[in-house]
Amino acid sequence: MAVAAVTTKPLHKPLQKRPLPAGRPREWYISHNRRLKAMRLAIALLDTGVYYPSSADNAKIRTTAEYIGIHPPSDTTCRMVRALIRYGR
């Protein structure tokens, strides 16, 4: 039985970022960026072996954010991360 190595390094070049569309309400940009941050954190947690929302408390999510070099998430973003882990499987 082979065990795969866990890594947080990307296996390919990330996509080039494009500017966000202009003319949307400010709340749209806030929500969009929050979803992107939650997705990055959920992927990082899954890569480190956290597969259940109950294992991803706020402290663990914030420690992961510090590890991957992004600002600590709010409580709302932490809830989104747990929801992504829960329903994204």
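Me: What follows α2, and what is the sign of its phi?

Reply: G69 comes right after α2, and its phi is positive, near 85 degrees. Helices here are DSSP runs of H or I, at least four residues, numbered from the N terminus. This is a predicted model: local features need pLDDT of at least 70, side-chain atom pairs count only at pLDDT 80 or more, and totals for chains, interfaces and linings use all residues. Residues are numbered from 1 along each chain as its sequence is written, and side-chain values use heavy atoms, with hydrogens and water left out.

Me: Which residues of α2 are buried?

Reply: Buried means under 20% relative accessible area, exposed over 50%, partly exposed in between (1.4 Å probe, protein chains only). In α2, I61, T64 and A65 are buried. Down the helix axis they fall within an arc of 105 degrees, so they line one face. The arc is taken from the directions from the helix axis to the C-beta atoms. T63, E66 and Y67 are exposed on the other side of α2.

Me: How many salt bridges does the structure hold?

Reply: Side chains of opposite charge can pair when their charged atoms come close. A salt bridge needs a side-chain nitrogen of Lys or Arg within 4 Å of a carboxyl oxygen of Asp or Glu. The structure holds one. D75 pairs with R62, their closest N and O atoms 2.7 Å apart. The pair links distant parts of the chain, 13 residues apart: D75 sits in α3 (residues 75-87), R62 in α2 (residues 58-68).

Me: What is the relative accessible area of D75? And of R62?

Reply: D75 is partly exposed, at 43%. R62 is partly exposed too, at 28%.

Notes
Helix = DSSP H or I, 4+ residues; strand = E, 2+ residues; numbered from the N terminus.
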